[in-house]
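Trainee: I would like a close look at a single part of this protein. Please take the charged side chains and walk me through them.

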Amino acid sequence: MKKVLIGVGIALFFGISVGMFINQPKRISNRINDEDFKEIMDQDFNYDYPETYVDVVTKFLDIEKLMFNQDYKGKREERKEELVGKALELWDDQLIEQNGGKEKVTVDYMNDVTKFQEGKYKIMDYEYQASPQKSVDNDGNLVMAVNVIEYISIGDNAYKMYLLRKDDNKNWKICGIT
């Protein structure tokens, strides 16, 4: 009887230990994932542009998550600028100009990434909220509003609305982020 109780105790301890290990929160690596980076950088938006407004926001969020969660120390600093450039390919030209032009937006965006990382924040995940809303801008163009919540590792989550409209090439572009 004593051996059975010891056996049950060991099994129970082992089961709890394995359960605790399996249920540990997943850690997001702060290392550049070369495969993810290469996949993003290899996508040529001139030939392989996201088809829908939701696809554009998804691609932007995937780029942003990779960009904001990486360690850029040493030789990888240039990757931050490359990722920012890739993210801006999804922005409407007018949005870039309203924010001071591509060079200024790139510098500002890179500074935002640095500040975010200095606070030890990570974008854990994101989720779409409600259904996209349709509206029309002053020029009569269809504008889609996509609401997203970004789950941040420390502090409050970020609630964002992405506004998108089609450009001259009929591609959905981000024309506002609130």
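Mentor: What follows goes from the whole chain to the charged groups, one at a time.

Keep in mind that this is a predicted model. Start with the frame. The protein chain has six helices and four strands. Read from the N terminus, the order is α-α-α-α-α-α-β-β-β-β. The helices are thus listed before the strands in that order. Of the 178 residues in the protein chain, 34% are buried. The exposed area comes to about 11800 Å², and carbon and sulfur atoms supply 52% of that area. Now take contacts between residues at least 6 apart in sequence. Among these, 58% join residues at least 24 apart.

Now the negative patch. Which residues gather in it? They are E35, D36, E39 and D62, and the patch lies on the surface. Which helix gives the most to the patch? Helix α2 does, with three residues. This helix spans residues 34-42. E39 has its place in helix α2. The relative accessible area of E39 is 52%. E39 is exposed, because the cut-off for that class is over 50%. Residues in a patch have no salt bridge, by the way patches are built. So E35, D36, E39 and D62 stand apart from the paired charges that come next.

The structure holds seven salt bridges. Three of the pairs are worth a close look.

Stay in helix α2 for one of them. D42 forms a salt bridge with K38, and the closest N and O atoms are 2.6 Å apart. Why do these two sit about one helical turn apart? Because D42 and K38 are four residues apart in helix α2. D42 counts as exposed, at 53% relative accessibility.

Next, a pair that reaches across the chain. K160 and E64 meet through their side chains in a salt bridge, at 3.6 Å from N to O. K160 lies in strand β3, residues 158-166, while E64 lies in helix α3, residues 53-68. The pair therefore ties together parts that are 96 residues apart in sequence. Are the two partners buried or exposed? K160 is partly exposed, with a relative accessible area of 23%. E64 is buried, at 5%. The cut-off matters here: buried means under 20%, so K160 falls outside that class and E64 falls inside it. E150 joins in as well. E64, E150 and K160 are linked in a network of salt bridges.

Then comes the pair of E89 and K86. Their side chains meet in a salt bridge, at 3.8 Å from N to O. E89 counts as partly exposed, at 33% relative accessibility. K86 counts as buried, at 6%. Here the acid is partly exposed and the lysine is buried. In the pair of K160 and E64, the lysine is partly exposed and the acid is buried.

E89 also leads to another acid. D44 has its place in the loop between α2 and α3. D44 is partly exposed, with a relative accessible area of 33%. How far apart are D44 and E89? In sequence they are 45 residues apart, and in space 9.9 Å, C-alpha to C-alpha.

To draw it together: helix α2 gives three residues to the negative patch, and the salt bridge of D42 with K38 lies in helix α2 too. K160 and E64 connect strand β3 with helix α3, and with E150 they form a network.

Terms used:
Residues are numbered from 1 along each chain as its sequence is written. This is a predicted model: local features need pLDDT of at least 70, side-chain atom pairs count only at pLDDT 80 or more; totals for chains, interfaces and linings use all residues. Side-chain values use heavy atoms; hydrogens and water are left out. Patches are made of residues with over 30% relative accessible area and no salt bridge: like charges are joined within 9 Å, nonpolar side chains (Val, Leu, Ile, Met, Phe, Trp, Tyr) within 5 Å. Accessible areas come from the Shrake-Rupley method with a 1.4 Å probe; for residues, only the protein chains shown count as cover. A salt bridge is a side-chain nitrogen of Lys or Arg within 4 Å of a carboxyl oxygen of Asp or Glu. Lys and Arg count as positive and Asp and Glu as negative; His and the chain ends are not counted. The place of a charge is taken as NZ of Lys, CZ of Arg, CG of Asp or CD of Glu. Buried means under 20% relative accessible area, exposed over 50%, partly exposed in between (1.4 Å probe, protein chains only). Contact means heavy atoms within 4.5 Å.
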